[in-house]
Number of protein chains: 4
Amino acid sequence: MYIKLDPQSDFPIYSQLIHQLMEGILKGDLKEGDMLPSVRSLAADLGINMHTVNKSYHELEKRGIIQIVPKSGAVVRLQQAEKESEHYTRLVRELKPVLLEAMTLGMGKAEINSLVELLVKEYKEE
Amino acid sequence: MYIKLDPQSDFPIYSQLIHQLMEGILKGDLKEGDMLPSVRSLAADLGINMHTVNKSYHELEKRGIIQIVPKSGAVVRLQQAEKESEHYTRLVRELKPVLLEAMTLGMGKAEINSLVELLVKEYKEE
Amino acid sequence: MYIKLDPQSDFPIYSQLIHQLMEGILKGDLKEGDMLPSVRSLAADLGINMHTVNKSYHELEKRGIIQIVPKSGAVVRLQQAEKESEHYTRLVRELKPVLLEAMTLGMGKAEINSLVELLVKEYKEE
Amino acid sequence: MYIKLDPQSDFPIYSQLIHQLMEGILKGDLKEGDMLPSVRSLAADLGINMHTVNKSYHELEKRGIIQIVPKSGAVVRLQQAEKESEHYTRLVRELKPVLLEAMTLGMGKAEINSLVELLVKEYKEE
DNA sequence: GTGGTCTAGACCACT
DNA sequence: GTGGTCTAGACCACT
């Protein structure tokens, strides 16, 4: 799996890494149950600091996407966003303000739907 | 227009104010071209700090929703999210990571679409 | 005794196993003096790694709930939380921060008591 | 407000700091709406690293106890553990295994209740 | 060899 | 002056 980080980007490195790892999971490069590389080895591979990788891993754990087993490593969790889970709740809380903003900027229901579809396709068909 | 702030919310006051003002615009309480109340008077009405209102106004301007005319006041802008505009670009940039997260958490295209529809309806029919 | 593990839970497998074994003891499926299944056979039955079972057993031993006799097996210990024992001390150390957090989040003495009663009942009446 | 850290303790410094700050809030040294000291100044006062203070603050924010406003500071949140909140859910999840362990160690309902009351009093009457 | 924790020091954007 | 981010390097416990 190829990870590309841009130190010049507006997005901090740890965000970019989160993003790339989520894409890796979506594309199937990382499957459920797979071990992620250790923070140290991934940091070395990417030429960044261990702590930066660590921050990304912990953020992904907070979002329910991976599970960190101390002293052992990190594993991709079985995914299924159950409606009652805290992760689903958080997701809705993140989605709401963005949709509100879209509507305030004048986008209609249809427009928003097609934008969402477009973006979703981007990931699925990559 | 009635604005309700919850000091014990997870969201900071200025976010809540942004949210409420956007809803006001959506519902038509504030129409395009309308003047917003002055920073000072709104702060007094809501019993919050002037700087907090100021922060909300500037955030709304950055998002292309209102326009601040120095020494004069703030006006609701004509809303039209043109695909080339910076506001549309920013919106897409905000939407992308949330959708990516949804998919990584195991939500499918259909599920995401129905969630988006649900949330959009919540605002439109209020 | 039936053990159910959920690989997609937020809790790691070894924690779930600890939990289930403790429930088994509470319900009386496993009585004091009973032998636990061997690490190997339980791992095979549950379709999980031997090391995972091992980790659960050692954690239960550290908590004074079972006793591991090398080369022989694991036995459910006589339960009695004496106030001077290290297990009682550890328990208090685990309980304290959770109660402190509850109070800091605004829960009163009565509320905490009723919550504790509720949760205790959940196990006893299962 | 006096904060005492023990570098020799089993508990990491950031945990001790979390603990002390929660006690400070409980005792009323820090009231709702109060600003916490900046990460830098508190670190300097305590003779520890900025990052350690930072970690404590973020953990307290995750638990809903304080609110961090980037570039501005951290404030004690209005506390009230609503039953629907994610913080309440987390609390219950933390409390459950400890109670289960207590019962497995042979403590009865009455014993657990009196232990909880004892510990709660310790904080309230300090 | 792993993640957990801690330190010291740096540059950044924004109030 | 604030928190956000990043780096480099260290010791620890436990697998």
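Which element gives the most to the surface near DNA strand F? Helix H3(D) does, with four residues.

The model is predicted, and for this reason local features need pLDDT of at least 70 and side-chain atom pairs count only at pLDDT 80 or more, while totals for chains, interfaces and linings use all residues. Residues are numbered from 1 along each chain as its sequence is written, chains are lettered from A and ligands numbered from 1 in the order in which they are written, and side-chain values use heavy atoms, with hydrogens and water left out.

**DNA strand F**

Strand F is surrounded by 21 residues, of which A:Ile13, A:His51, A:Thr52, D:Arg40 and D:His51 are the closest; a residue is near a strand if one of its heavy atoms lies within 4 Å of it. Of the atoms of DNA strand F that come within 4 Å of the protein, 57% belong to sugar and phosphate. A polar backbone atom of A:Ile13 is 2.3 Å from a phosphate oxygen of this strand. Two or more residues of the surface come from each of helix H1 (13-27) and H3 of chain A, and from each of helix H2 (39-46) and H3 of chain D; helices (H or I, at least four residues) and strands (E, at least two) are DSSP runs, numbered from the N terminus. By class, the surface near DNA strand F holds eight nonpolar, eight polar and five charged residues, where Ala, Val, Leu, Ile, Met, Phe, Trp, Tyr, Cys and Pro count as nonpolar, Asp, Glu, Lys and Arg as charged, and the others, Gly among them, as polar.

**DNA strand E**

Around DNA strand E there are 21 residues, and those that come nearest are A:Arg40, A:His51, D:Ile13, D:His51 and D:Thr52. Sugar and phosphate make up 57% of the strand E atoms that come within 4 Å of the protein. At least two residues of this surface are supplied by each of helix H2 (39-46) and helix H3 (50-62) of chain A, and by each of helix H1 (13-27) and helix H3 (50-62) of chain D, with H3(A) giving the most, four residues. The residues near DNA strand E divide into eight nonpolar, eight polar and five charged.

**Side-chain contacts with the DNA**

The table gives polar contacts, meaning pairs of N or O atoms within 3.5 Å.

| Side chain | DNA atom | Distance |
|---|---|---|
| A:Arg40 | base nitrogen of DNA strand E | 2.6 Å |
| D:Tyr14 | phosphate oxygen of DNA strand E | 2.7 Å |
| D:Thr52 | phosphate oxygen of DNA strand E | 2.6 Å |
| D:His51 | base nitrogen of DNA strand F | 2.8 Å |
| D:Lys71 | base nitrogen of DNA strand F | 2.9 Å |

Definitions and conventions: A polar contact is a pair of N or O atoms within 3.5 Å; within protein, one must be able to donate a hydrogen and the other to accept it, and residues adjacent in sequence count only if both atoms are side-chain atoms.
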